Amino acid sequence: MSKTTKKKVTKKPGRKRKTVKSRSAPKAKTPAEELINAVPQSQDAMPAPFDVSKASIPEVLPVLPVRGSVMFPGTIVPLGVGRPASRKMLDESLPKSKIIALFSQKDEEVENPTADDLHTVGTAAMVLKLIRQPDDNISLIVHGLGRITLDKVTQSKPYFKARVSTPTEKPGAGKKFEAEVSQLRDQAHDLIDLSPSAPEQALTVMMNIDDPGTLADFLGANLALDVEQKQDLLEELNIAKRIRMVHVHLSSQLEILRLQEKIQEDVQSSIGDTQRRFYLREQIKAIQKELGDDDGSGDHAITQLEKKLEEAAPPEKVMEEATRELERLRVIPPASPEYSVITTYIELIADLPWNKSNEDNLDLQRARKVLDRDHYGLDKVKRRLIEYLAVRKLNPEGRGPILCLVGPPGVGKTSLGQSIADSLGREFARISLGGIRDEAEVRGHRRTYIGAMPGRIIQELRRAGANNPVMMLDEVDKLGSDFRGDPSSALLEVLDPRQNNAFVDRYLDVPFDLSQVIFIATANYIGDVPPALRDRMEIIDIPGYTDPDKLIIARRYLAPRQLKENGLTPAKCKWLTSGIKMVIEHYTREAGVRELERQIGSVCRGVAAQVAGANNGRKRRKSVSVDDEFVREMLGPEKYIRDLDTRTVSPGVALGMAYTPFGGEVLFIEATQYPGKGNVTLTGQIGDVMKESASAALSLFKSRADGLGYDVKQLAELDLHIHVPAGAVPKDGPSAGTAMYTAITSLLLDIPVKQKLAMTGEITLRGKVLPIGGVKEKTLAASRAGVKTILLPARNKADMEEVDPQVKKKCKFHFVENVDQVLKLALGKVPKPSKKAGAKR
């Protein structure tokens with residue numbers, strides 16, 4: 001067998017090669033010596049091996065069938081032995097000879113192989129160590145001695161014995177062969193350089209192998225080949241052909257490693273620190289793509305996503321986008337963060353109701369019954385909804401309306417949305433907008449951000465499961481804005497019937513049709529809604545309830561609900577009219593009925609305690625009739641006392657009316673005087689506009705003082721103090737002008753204002769009374785407070801159509817054009833302006 005000449009290893013540019021010891025250095029340990037020294041000694045270990053080069057191979061050897069591996073001559077490998085026949089063979093044969101025959105099985109699944117199940121070329125091996133395991137299995141360390149062929153089976157039970165022979169190998173010769181060996185050695189050198197897991201001594205061992213056949217066996221045993229490829233190498237007796245076969249396999253794996261190195265550089269530049277643990281999976285996918293081994297078949301999860309997309313049947317453009325993301329998903333490892341992002345996005349597309357809708361119930365009589373069942377009054381809202389149903393019945397393709405219900409808290413705006421959905425037979429979705437300052441809450445976040453989510457509108461549509469729900473935008477007047485954007489501006493597209501058929505959520509990034517959704521917004525005060533947003537909605541005012549309305553609501557809805565929640569029945573707790581009126585008049589002061597229900601619930605809990613016998617030792621009662629006395633006993637002293645008569649007896653006190661987000665209110669305007677230098681003090685947490693109204697009222701009085709019989713020079717020696725009680729509550733607006741003027745005039749002329757009289761209106765320096773807003777709410781609050789006479793600007797007469805009919809019956813209305821008419825009605829007779837005074841004006 002010829003020896004190859006040593007070839008000088010040259011460095012390739014761009015990569016540092018591992019250094020190799022010189023031939024003159026002490027010879028490194030052979031692989032057998034390295035492995036033998038690494039195996040720990042045990043009780044069942046074989047004696048230290050002798051020189052294997054002196055071992056001769058007997059003609060008849062016991063056979064050990066090997067599954068899933070191929071033994072090469074000159075290599076040392078560990079083997080696990082578990083089959084009973086193999087263990088028996090070792091027990092009987094090793095005491096006589098340490099040499100056995102190793103033949104690989106053709107099919108490793110065969111548990112009890114016959115001679116036909118074994119390859120005919122194998123390896124004679126010496127057993128170096130034997131270690132018995134606790135589970136009766138045996139671990140062997142064997143050293144391959146040489147190739148053998150299976151000539152004849154001499155024994156098959158209880159284990160194989162066979163007559164073997166040593167085949168003759170054909171050595172290679174010539175310069176071409178030497179060049180091939182040298183090239184193979186260089187390629188192996190490069191392979192070791194590129195393999196990060198190669199042991200340090202591998203290069204030294206490889207460079208110290210002179211024999212070409214041994215070199216081919218060494219490389220074949222250590223390359224990542226399957227059993228059939230290794231068996232072909234073992235059976236090849238022509239060393240030149242064997243060298244070329246190893247060269248082909250080594251070149252393939254070297255090319256993979258070079259691609260791997262290139263992919264490593266590309267992947268490292270595209271992934272961040274948080275993705276480095278997925279580096280290996282990225283390499284495998286990229287290698288498959290480079291080799292063309294990726295068959296494009298998705299796993300079970302991708303198949304399910306495709307099925308869901310087909311069932312959802314989104315529009316064509318949306319389907320194209322989803323399909324593009326699915327193709328990306330196929331080449332991304334499941335452990336990658338991008339995998340979950342894409343999966344969530346596709347699931348959203350598949351879950352959205354692109355073509356699912358609820359069929360409208362267009363029975364107008366049924367809709368009216370449902371609305372009347374759940375809410376008392378609110379005729380304007382109910383009429384508007386019935387109108388929509390009528391239009392829908394005549395024009396099924398019409399767009400959904402966008403309504404805005406404006407009214408104080410507790411009047412039933414939010415619950416009305418659910419009733420509308422029930423009457424139509426649609427799903428109901430509610431979005432609370434109070435305190436939202438981030439535009440992304442409406443439009444969604446871009447998917448490039450960590451933790452990105454779709455906007456609230458898309459989320460609610462997904463939950464509703466239909467593309468035509470009744471969607472309530474609650475508290476639209478409480479929207480805020482900051483550096484994150486203006487949510488009210490994002491709603492402009494949503495609430496525009498001509499644009500929302502192609503609403504694009506930033507997360508979804510494809511258009512969704514919102515034109516079939518009925519949007520219903522709610523607000524306490526329409527003035528806080530931006531004008532552009534207000535322009536897109538149909539405003540429906542919902543006023544507060546009168547005392548008779550509250551009495552009916554308490555009887556029909558509130559009391560029965562609280563009885564049920566507290567485990568009572570009408571027989572155990574009977575609410576009398578006097579009891580309900582007591583709660584309404586003396587324990588609540590609101591436009592709605594929310595506080596009324598709380599107080600009724602408090603009384604019901606007291607009744608429950610008495611019925612259950614847990615009322616501080618009092619006698620247990622079977623039933624209770626709730627009258628005014630029982631209410632006072634349960635709720636304690638009266639919280640609200642109507643003291644209009646006592647507070648307006650003295651001069652300098654006038655009763656005004658105001659409109660707040662919580663409904664209408666009555667305001668006491670108080671003025672007093674004391675010696676001073678003509679200064680004016682304003683208190684009661686009033687705003688700038690209200691302060692200007694006070695200044696205008698004082699200036700107007702000074703200009704008319706002569707006509708009123710008052711010496712204006714006296715004001716230079718007096719200080720005035722104007723106060724608006726309930727000082728903890730902010731107040732502003734111009735509508736208190738008439739009340740302030742009346743209070744100042746009443747004080748300085750020493751004439752008290754008529755009792756149970758309230759007024760509202762803005763004044764000018766010429767004495768004109770200008771119109772104001774919120775007439776319906778203001779008059780309702782005045783009626784609730786016990787007012788009998790109301791003064792309104794003459795130009796507000798048209799607003800009387802909106803005033804509650806019960807308020808019209810209870811109160812007397814006067815319409816004034818100037819302050820003279822105000823004083824005449826509020827103070828009685830006052831001196832007429834003199835001609836001189838009129839000239840000065």
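Does Arg598 count as buried, partly exposed or exposed, and at what relative accessibility? At 48% relative accessibility, Arg598 counts as partly exposed. The value comes from a predicted model. It lies below the 50% above which a residue is called exposed, so Arg598 falls in the middle class. The partner of Arg598 is Glu595, and their side chains meet in a salt bridge at 2.8 Å, N to O. At 21% relative accessibility, Glu595 also counts as partly exposed. Buried means under 20%, so Glu595 is not in the buried class. Both residues sit in helix α21 (residues 594-612). They are three residues apart, about one turn of the helix.

The structure holds 37 salt bridges. One of them joins the side chains of Arg324 and Glu325, with N to O at 3.4 Å. The two partners fall into separate accessibility classes. Arg324 is partly exposed, with a relative accessible area of 45%. Glu325 is buried, with a relative accessible area of 2%. The 2% of Glu325 is under the 20% limit, and therefore this residue is classed as buried. Arg324 and Glu325 also belong to a network of salt bridges. Its other members are Glu321, Arg328, Glu338 and Arg447.

A further salt bridge is formed by Glu441 and Arg456, whose closest N and O atoms are 3.9 Å apart. This pair links distant parts of the chain, the two residues being 15 residues apart. Glu441 lies in helix α15 (residues 440-443). Arg456 lies in helix α16 (residues 456-464). Glu441 is partly exposed, with a relative accessible area of 30%. Arg456 is partly exposed as well, at 23%. The salt-bridge cut-off is 4 Å, so the 3.9 Å contact of Glu441 and Arg456 is counted.

Charge also appears at the surface. Asp226, Glu228, Asp232 and Glu235 form a negative surface patch. One of these residues, Glu235, is placed in helix α6 (residues 227-235). Glu235 is partly exposed, with a relative accessible area of 34%. Patch residues need over 30% relative accessible area, so the 34% of Glu235 meets that condition.

Backbone geometry was examined next. The peptide bond from Lys157 to Pro158 is cis, with omega near -5°. Pro158 is found in the loop between β5 (138-155) and β6 (161-165).

Positive phi values occur at Glu475 and at Asp509. Phi of Glu475 is near 60°, in a residue other than glycine. Glu475 lies in the loop between β9 (470-474) and α17 (487-494). Its relative accessible area is 24%, and Glu475 is partly exposed. Asp509 has a positive phi of about 60°, although it is not a glycine. The loop that holds Asp509 runs between β10 (503-504) and β11 (511-512). At 44% relative accessibility, Asp509 counts as partly exposed.

Note on methods. Residues numbered from 1 in each chain as written. Predicted model: local features only at pLDDT ≥ 70, side-chain atom pairs only at ≥ 80, totals over all residues. Heavy atoms only, no water. Patch = residues over 30% accessible without salt bridge, like charges linked within 9 Å, V, L, I, M, F, W, Y side chains within 5 Å. Areas by Shrake-Rupley, 256 points an atom, 1.4 Å probe, with all protein chains shown as cover. Lys, Arg positive; Asp, Glu negative; His and termini not counted. Charge placed at Lys NZ, Arg CZ, Asp CG, Glu CD. Helix = DSSP H or I, 4+ residues; strand = E, 2+ residues; numbered from the N terminus. Buried < 20%, exposed > 50% of the residue type's maximum accessible area, 1.4 Å probe, protein only.
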